[in-house]
Amino acid sequence: MTSDLSARWLSQSGRALAIACALIGLSASPAWAQEEFLNLFSPELGKLPIRSDYRITWFPDQPVAGQSAELGLLQQDFTLSAPLRQSPSDEWSASVRLRNQEFATGAVLPDTGEPFPDELWNIRFGLGYRHRFESNWIAALQVAVGSPSDEPFASLDEMDISATAVLRVPARDRDAWIFFLNYASNREFLPHIPIPGFGYSYEPSDQFSAIVTTGIVSLQYRPVETLTFSASYIAVRTVDVRLTYQVFRPVRVWVGFDWTNERYLLANRADPDDRLFYYEKRIRAGAIIGLARQLFVDLTVGYSFDRFYFEGESYSDRDQNRVDVGDGPFAAIRVGTRF
């Protein structure tokens with residue numbers, strides 16, 4: 001089954017790379033939603049770099065609970081982010097993200113008997129703006145439109161939209177109060193409902209910083225120059241913890257844990273409010289190697305567990321049309337640039 005997946009992936013890779021090249025040609029820019037969101041709170045303006053990376057991840061075949069089938073996965077991710085115009089008082093930026101997942105499986109969605117999708121896509125375009133007032137307050141707005149689906153952009157039912165407005169109000173020293181309003185049509189919880197939030201950005205030194213708000217926590221601690229601990233949480237079930245050690249200047253090694261989820265809008269679904277959810281937890285380790293001043297490669301191995309898909313409106317429907325996938329190893333390689 002893995003060989004079938006590899007063959008299908010080779011036949012599809014040209015299409016994926018063609019789309020990626022088209023996105024580059026549009027001069028758009030991608031970044032992961034979590035990182036983009038946290039960057040809205042930054043006190044710095046006018047220093048956005050151009051960033052791009054490509055990652056391929058391989059999950060070998062694992063058994064599907066209750067079915068005489070296995071599920072394997074090859075995933076490609078391409079991102080590009082860039083400033084459109086920036087100065088110490090204003091920033092315009094754009095982003096684009098492409099994810100393609102190719103499955104090798106004979107699994108079915110058990111309640112409906114429908115075959116599990118052969119592939120899933122998530123194509124997303126974003127635009128952001130930040131402005132610093134004379135009072136040193138910073139206002140930001142970020143809007144993204146995407147299509148996480150087996151047939152992206154087939155219709156409006158396969159598209160989602162999100163928007164976040166942020167106000168950063170300086171407090172003492174480098175600290176600040178944070179106020180925000182978020183709307184997301186495909187949020188893990190309470191989709192389509194605007195949610196306000198507030199919190200505090202705390203940075204007592206170059207070694208420690210923290211953002212603590214309603215629904216979001218982000219911490220970074222560097223006890224010595226070569227060792228960094230970072231952790232983030234976004235409600236309700238998104239966690240990322242990492243410990244990084246710089247062996248010497250071009251090489252860093254790291255270990256981490258993450259708990260992630262995805263939500264897809266399948267074409268031709270019976271209920272337009274239903275989404276295909278995916279949850280997993282991962283233990284990871286890797287090495288980041290600087291190949292040149294602006295180029296790096298990130299090698300990752302890990303173990304994925306507590307993996308399952310289900311179809312429904314929210315997490316409370318997690319026993320409906322559920323597909324449980326066995327635990328197992330995975331490997332990934334990422335090549336990126338920043339300048």
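Is Leu 299 buried, partly exposed or exposed, and at what relative accessibility? In this predicted model, Leu 299 counts as partly exposed, because its relative accessibility is 39% and the partly exposed class runs between 20% and 50%. The place of Leu 299 is in strand E17.

Leu 299 also belongs to a nonpolar patch on the surface. The patch covers about 390 Å². Its other members are Leu 291, Leu 295, Ile 333 and Val 335. Two strands each supply at least two residues of this patch. They are strand E17, spanning 295–312, and strand E19, spanning 328–338.

Strands E17 and E19 are also linked by charge. The side chains of Asp 298 and Arg 334 form a salt bridge, with an N to O distance of 3.2 Å. Asp 298 lies in strand E17 and Arg 334 in strand E19, so this pair ties together parts that are 36 residues apart in sequence. Both Asp 298 and Arg 334 are buried.

Salt bridges were then searched for across the whole structure. The search finds 19. Side chains of opposite charge can pair when their charged atoms come close. One of the pairs joins the side chains of Glu 188 and Arg 237, at 2.9 Å from N to O. Here the partners sit in loops. Glu 188 lies in the loop between strand E9 (176–184) and strand E10 (195–205). Arg 237 lies in the loop between strand E13 (227–234) and strand E14 (238–248). The pair therefore ties together parts that are 49 residues apart in sequence. Glu 188 is buried, because its relative accessible area is 6% and the buried class lies under 20%. Arg 237 has a relative accessible area of 17%, so Arg 237 is buried as well.

A further salt bridge involves Asp 324 and Arg 322. Their side chains meet at 3.1 Å, N to O. Asp 324 has a relative accessibility of 27% and so counts as partly exposed. Arg 322, at 23%, is likewise partly exposed.

Some salt bridges share partners, and these join five residues into one network: Asp 240, Asp 258, Glu 280, Arg 282 and Arg 284.

Notes. Residues numbered from 1 in each chain as written. Predicted model: local features only at pLDDT ≥ 70, side-chain atom pairs only at ≥ 80, totals over all residues. Heavy atoms only, no water. Patch = residues over 30% accessible without salt bridge, like charges linked within 9 Å, V, L, I, M, F, W, Y side chains within 5 Å. Areas by Shrake-Rupley, 256 points an atom, 1.4 Å probe, with all protein chains shown as cover. Salt bridge = Lys/Arg side-chain N within 4 Å of Asp/Glu carboxyl O. Helix = DSSP H or I, 4+ residues; strand = E, 2+ residues; numbered from the N terminus. Buried < 20%, exposed > 50% of the residue type's maximum accessible area, 1.4 Å probe, protein only.
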